[in-house]
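Dear colleague,

Please find below the structure that I am handing over to you. My account of what was found in it follows directly after.

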Amino acid sequence: MKHLQEKQVVTCFLRNRGEVLLLRRSRKVGSYRGRWGAVSGHMNGSPVQTALQEIAEETCLEHDVELARAGDPFTVEDPDLETRWIIHPFLFDCASRDPQLDWESTEAEWVPPTEILRRDTVPQLWTSYSRVAPSAETIRADRVHGSAYLSYEALQVLRDEAASVLHRNSGGDADWSQLKRLAKTLVEARPAMAVIANRVNRAMHRCREAQSAAVVEKAAAAVLVSALEADDLAAKHAASYAADRRLITVSRSGTTLEGLLIARPQPKKIIVAESRPGGEGVSVAESLSRAGKNVLLVPDSAIPHVIQQHSVDLVLIGADAVLPSGAFVNKIGTLAAALAAKHYETPCYVVSALDKLKTKECADTETAATAATYAGAEAIEAVCPVFETISSEFVTAYVTEKGEIAPGSMASRALEYERLSSW
């Protein structure tokens with residue numbers, strides 16, 4: 001047996017709107033000419049440093065990416081090349097779809113990652129993707145991203161698993177049962193975030209008669225597209241409220257953040273609460289700052305103070321779930337903002353696609369590790385709640401894909417989501 005030379009490489013998937021960037025390798029590269037791959041390259045420094053360097057060289061998108069996930073390295077042996085590849089996979093969320101290719105690639109396409117299963121690719125590209133792809137477990141553990149983002153990931157999980165089932169060519173009732181179990185796991189992954197359940201339910205409801213992996217893949221992909229479009233519309237409506245205003249926001253709502261980024265004229269000042277536990281407000285402030293916005297980051301306890309002292313025009317916040325009563329569930333600290341807004345007669349607008357509406361008047365809560373509150377040695381009882389419920393009396397209006405909606409109209413709209421859960 002030939003001695004295999006060991007080479008460490010990175011494989012970087014850039015993801016935008018549920019699709020990944022595939023590159024066709026040119027005839028100038030040293031291996032796998034003409035095949036499809038992701039951004040890749042030989043290790044030069046740490047894996048993350050190498051990944052960013054390769055993204056810069058091969059796409060010029062290094063300033064538009066944010067690391068979503070790093071996967072465990074794995075080995076691929078190629079006796080023909082006398083090489084043992086040690087592959088370090090990465091997934092980056094990418095804000096741009098306009099790569100500038102260098103000599104290593106001749107074509108670039110944004111495609112669902114399931115296309116990997118249907119193309120002539122470099123060895124084990126699907127394995128690389130699987131190591132960094134979203135899963136029910138990553139959704140359950142994510143304490144950084146908002147509920148809309150996690151709903152996209154849930155639909156990607158369902159789509160990708162359906163395609164994988166098809167690729168294995170097993171077929172039959174066992175596959176449908178497997179996909180049903182996965183869908184139920186996704187529905188139950190984050191009970192406080194109704195949008196995950198509603199969007200998975202919508203996809204599965206479309207498959208209740210055909211009951212096949214092919215239909216599940218198509219349904220999940222189609223619902224993902226419609227979900228992105230609904231949130232885009234909600235963000236555009238939110239932008240009109242933020243334009244030329246002084247406002248405060250809490251936690252990390254992707255839809256709200258997008259509205260703040262695209263608002264024209266841009267907001268006069270955006271006050272962002274750091275949003276503990278988790279502190280995801282810090283990354284929101286950083287994103288806004290990089291985009292040239294006038295940002296003020298404040299501790300959660302200062303929310304009432306800054307509403308009073310900074311002549312805030314409105315509170316603009318997201319929601320993890322909306323209840324039939326018109327109340328909503330969001331990150332702890334939101335109630336302080338809503339109470340202060342009402343006290344100082346400041347409007348409070350909640351940015352939320354209608355898919356965040358729960359079918360029942362129940363507010364699931366989550367708690368973080370108590371060490372986030374107290375990690376000392378004394379026998380002190382500590383608690384660290386993550387979500388809270390804010391009554392409809394504090395909501396001026398919901399800003400949705402259909403425009404402004406009054407809290408009182410939510411009960412009648414909840415019936416549609418009850419119907420979708422009947423699959």
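Two strands are said to pair if DSSP finds at least two bridges between them. By that criterion strand E1 (residues 5–16) pairs with strand E4 (residues 39–42), since 4 bridges join the two, which run antiparallel. Please note that this is a predicted model.

**The surroundings of strand E1**

Within the pairing of E1 with E4, Val 9 has His 42 of E4 as its bridge partner. E1 also pairs with E7, here in the parallel sense and over 11 bridges; in that pairing Leu 14 stands opposite Phe 92 of E7. A further partner of E1 is E2, with 2 bridges in the antiparallel sense, and there Asn 16 stands opposite Glu 19. E1 and E2 form a hairpin with 2 residues between them, and Arg 17, in the turn, has a positive phi of about 55°. As general background, strands of a sheet pair through backbone hydrogen bonds, either parallel or antiparallel.

Glu 19 appears again among the salt bridges, of which a search of the whole structure finds 23. Glu 19 forms one with Arg 97, and their closest N and O atoms are 2.6 Å apart. Glu 19 belongs to strand E2 (residues 19–25), while Arg 97 sits in the loop between strand E7 (83–94) and strand E8 (105–111), so the pair ties together parts that are 78 residues apart in sequence.

**Helices H5, H6 and H7**

Two packed helices are described by the angle between their axes and the distance between the axes. Helix H5 (residues 173–187) and helix H6 (residues 194–205) pack at an angle of about 160°, with axes 8 Å apart. Because of that angle, H5 is roughly antiparallel to H6. On the H5 side the contact is made by Trp 176, Leu 179, Lys 180, Ala 183, Leu 186 and Val 187, and on the H6 side by Ile 196, Ala 197, Val 200, Asn 201 and Met 204. By class, this contact of H5 with H6 has 9 nonpolar, 1 polar and 1 charged residues.

H6 also packs with helix H7 (residues 213–242), at an angle of about 140° and with the axes 8 Å apart. H6 is therefore oblique to H7, and H6 passes H7 in a right-handed crossing. H6 contributes Arg 199, Arg 202, Ala 203 and Met 204 to this contact, and H7 contributes Val 216, Ala 219, Ala 220, Val 223, Ala 227, Ala 230 and Asp 231. The residues of the contact of H6 with H7 divide into 8 nonpolar, no polar and 3 charged.

**Backbone features in the loops**

Most residues other than glycine have a negative phi, and most peptide bonds are trans. The following places deserve a mention against that background.

- Gln 211 has a positive phi of about 50° although it is not a glycine; Gln 211 is in the loop between H6 and H7.
- The peptide bond from Arg 264 to Pro 265 is cis, with omega near -5°; Pro 265 lies in the loop between helix H8 (254–262) and strand E10 (269–273).
- Arg 276 and Pro 277 are also joined by a cis peptide bond, with omega about 0°; Pro 277 is in the loop between E10 and helix H9 (280–290).

**Two open sheets**

E10 is also part of an open sheet of 7 strands with mixed pairing, in the order E11-E10-E9-E12-E15-E17-E18. Its edge strands are strand E11 (295–298) and strand E18 (403–405), each of which pairs on one side only. From one strand to the next, the twist averages 25°. Within the sheet, 3 bridges join strand E15 (residues 348–351) to strand E17 (residues 397–400), which run parallel, and Tyr 349 stands opposite Ala 397 of E17. H8 packs on the sheet and touches strand E9 (246–249), E10, strand E12 (314–318) and E15; the direction of H8 makes about 135° with that of E12.

Another open sheet has 3 strands in the order E13-E14-E16, with antiparallel pairing. Strand E13 (321–322) and strand E16 (387–390) are its edge strands, each pairing on one side only. E13 is joined by 2 bridges to strand E14 (residues 328–331), and the two run antiparallel; Ala 321 stands opposite Val 329 of E14. Helix H11 (residues 334–343) lies across E14 and E16, and runs at about 25° to E16.

Yours sincerely

Technical notes: Residues are numbered from 1 along each chain as its sequence is written. This is a predicted model: local features need pLDDT of at least 70, side-chain atom pairs count only at pLDDT 80 or more; totals for chains, interfaces and linings use all residues. Side-chain values use heavy atoms; hydrogens and water are left out. Axes are lines fitted to C-alpha atoms, for helices over the stretch in contact, and angles run from 0 to 180 degrees between N-to-C directions. Angles under 35 degrees count as roughly parallel, over 145 as roughly antiparallel, 65 to 115 as roughly perpendicular and the rest as oblique. Contact means heavy atoms within 4.5 Å. Ala, Val, Leu, Ile, Met, Phe, Trp, Tyr, Cys and Pro count as nonpolar, Asp, Glu, Lys and Arg as charged, and the others, Gly among them, as polar. A crossing is left-handed if the near helix is turned anticlockwise from the far one by less than a right angle, and right-handed if clockwise. A salt bridge is a side-chain nitrogen of Lys or Arg within 4 Å of a carboxyl oxygen of Asp or Glu.
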